Amino acid sequence: MQHIRTTNAANRLDRLPISKFHKTTLVAVAFAYFFEFADINTFAITAPVVREQWGAQVNDVAYVTSTSFVGMFVGAIVAGGLADRMGRKRTLTVTTLWFTVWSFACVFAWDIWSLGVFRVLTSAGLSAMTVVAVVYISELFPSAKRGKYQAYAIVIGICGTPATNLIASAVVPMSDWSWRLVYLWGSLGVFFLLFVRKLEESPQWLESRGRHEEAEAVLSRIEAGAAAEHGELPAAQEPKPQGPVVKPGLGMLKDRKFLYPTLLLSVLWVTQTIGFFGYSSWAPTLLAAEGVSVEDSIFYVALTTVGAPLGSFLAAMVTDRFERKWCLVAFGLVIAASGLMYGLTFTPVLIVVFGFLVNLFERGYTALAYAYSPELFNTNGRSLGTSIAYGLGRLSNAVGPLMIAGIYNGIGYEAVFMFIAGTWTVGAIVLALFGPATRRRRLAAEAAAQAQPSSATAAS
């Protein structure tokens with residue numbers, strides 16, 4: 001039998017302590033996340049003044065918003081394929097530059113349609129960067145700790161949303177043209193380039209492409225840095241025999257081991273997207289339509305968003321301690337119950353409390369899903385599978401707002417929140433019944449790594 005050369009990348013990475021390399025990677029990804037979260041709501045923030053200046057209709061704004069989610073779908077799918085062919089690091093850099101360039105182009109938009117085109121292109125980059133960043137962290141951090149650090153990246157990144165809101169509230173009223181500065185702020189993600197030289201390509205990806213010498217060089221640098229900080233490293237587990245390799249690409253959909261998790265995660269991301277954006281996009285509008293003043297509705301919703309970064313931090317505390325599948329199920333059911341109660345009360349204190357809980361557990365849910373999704377695939381299918389599921393979730397929001405508007409106009413206010421609660425509940429039930437558990441595998445990898453004798457070189 002022909003000997004298959006391997007660098008044993010996954011096992012060698014799994015037994016490493018968290019070192020300067022990991023922290024640098026975390027900061028770089030968190031920086032990209034920060035400007036992704038900063039940029040994703042810039043159109044919603046500037047739409048009112050843009051409508052006034054250019055005489056745009058509400059339907060024009062809705063069209064830009066819907067097509068932006070189509071752009072997110074396309075961006076995610078394209079990025080998934082590129083990351084499998086070009087590499088994780090290179091694709092992360094390209095996609096980050098893509099969304100910052102088109103956000104900068106928005107500064108010079110001359111009408112609603114040019115702004116719409118630029119926003120669709122920006123949104124494609126935002127979604128593309130996200131799916132590649134999720135995979136990148138998954139492949140570089142030890143399996144026993146990757147969930148926590150994935151959540152830490154979100155904790156930092158999500159601060160981009162309130163930062164953008166504060167900046168927008170200060171600059172938009174300054175003059176007729178100052179709304180353009182909001183898009184200039186979003187384009188500052190270009191400074192991600194300062195991190196690129198300090199990042200490494202995923203050794204697991206290099207290994208999967210047969211580039212063993214490059215994978216060995218990357219692993220040796222990472223291990224040398226970890227050994228310099230922490231002393232001798234435990235030896236890595238021996239590699240296990242692998243099954244036949246399926247060539248990356250859409251042809252992988254014929255493989256049940258790829259298709260099954262892709263379908264499962266598509267349900268997860270579709271229900272998450274419709275459930276979250278249905279709530280966050282419509283809550284202020286529906287409150288105002290039901291008699292709560294516009295000022296009060298915006299203020300109430302602003303208070304509830306305080307829960308968002310706390311939710312990501314909560315996810316960091318539980319994601320590696322418990323089975324991620326059941327954490328997602330529990331979080332989803334809490335969101336469903338809190339969202340339903342939010343829709344059934346008009347008492348200000350209860351609106352804030354239940355809205356806070358929705359934001360808290362939703363952002364925790366997202367951080368958990370970012371860690372869970374890549375774990376269901378091997379290296380060859382990880383990027384594409386994650387991107388298809390995430391992209392379909394974003395695509396669903398092209399029709400989600402129309403569904404919610406139809407329910408509100410046809411049935412009523414409470415029915416909207418019953419629908420949103422039902423969406424979250426469906427996602428939780430599907431995940432509970434069909435979602436694979438991953439914690440036992442992570443614990444086995446951690447135990448095996450700790451059981452190995454120390455080795456200064458840690459060669460496989």
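Okay, one term before anything else: by a nonpolar core I mean a set of buried Ala, Val, Leu, Ile, Met, Phe, Trp, Tyr and Cys residues joined through side-chain atoms within 4.5 Å. And keep in mind that this is a predicted model.

With that in hand, the largest nonpolar core here has 98 residues. The ones with the most contacts inside that core are Tyr 33, Phe 192, Leu 265, Leu 268, Trp 269, Leu 328 and Tyr 372. Take Leu 265 from that list. If you skip its neighbours within four places in sequence, Leu 265 touches Tyr 372, Ser 373, Leu 376, Phe 377 and Ala 389. There's also a second, separate core, with 20 residues, including Cys 106, Ala 109, Ile 112 and Trp 179. As background, nonpolar side chains in soluble globular proteins tend to be buried together.

Now, the aromatics. Searching the whole structure turns up 23 aromatic pairs. One of them is Phe 34 with Phe 35: the ring centres are 5.1 Å apart and the planes sit at 70°, so we call that one edge-to-face. The cut-off for edge-to-face is over 60 degrees. Both residues are buried, Phe 34 at 18% relative accessible area and Phe 35 at 6%.

Phe 35 has another partner, Trp 185, and this pair is tilted, with 5.3 Å from centre to centre and 55° between the planes. What I like is that the pair links distant parts of the chain: Phe 35 is in helix H2, Trp 185 is in helix H9, residues 180–186, and they're 150 residues apart. Trp 185 is buried as well, just like Phe 35. Zoom out, and ring pairs join Phe 31, Phe 34, Phe 35, Trp 185, Phe 192 and Phe 195 into a cluster. Phe 192, remember, was on the list of most-contacted core residues.

Last stop, helix H12, residues 212–230. How far apart should the ends of its 19 residues be? At 1.5 Å a residue you'd expect a span of 27 Å, and the end C-alpha atoms are 26 Å apart, which agrees. Its buried residues are His 212, Ala 215, Val 218, Leu 219, Ile 222, Glu 223 and Ala 226. Looking down the axis, those buried residues fall within an arc of 130°, so they line one face of H12. What do they pack against? Helices H1, H2 and H11, plus strand S1 at 233–234. Round on the face turned away from the buried side, you find Glu 213 and Ala 228, both exposed. And right after H12 comes Gly 231, with a positive phi near 90°.

Key. Residues numbered from 1 in each chain as written. Predicted model: local features only at pLDDT ≥ 70, side-chain atom pairs only at ≥ 80, totals over all residues. Heavy atoms only, no water. Helix = DSSP H or I, 4+ residues; strand = E, 2+ residues; numbered from the N terminus. Expected span 1.5 Å × (residues − 1). Buried < 20%, exposed > 50% of the residue type's maximum accessible area, 1.4 Å probe, protein only. Arc of directions from axis to C-beta. Contact = heavy atoms within 4.5 Å. Phe/Tyr/Trp six-rings, centres within 6.5 Å; stacked < 30°, edge-to-face > 60°.
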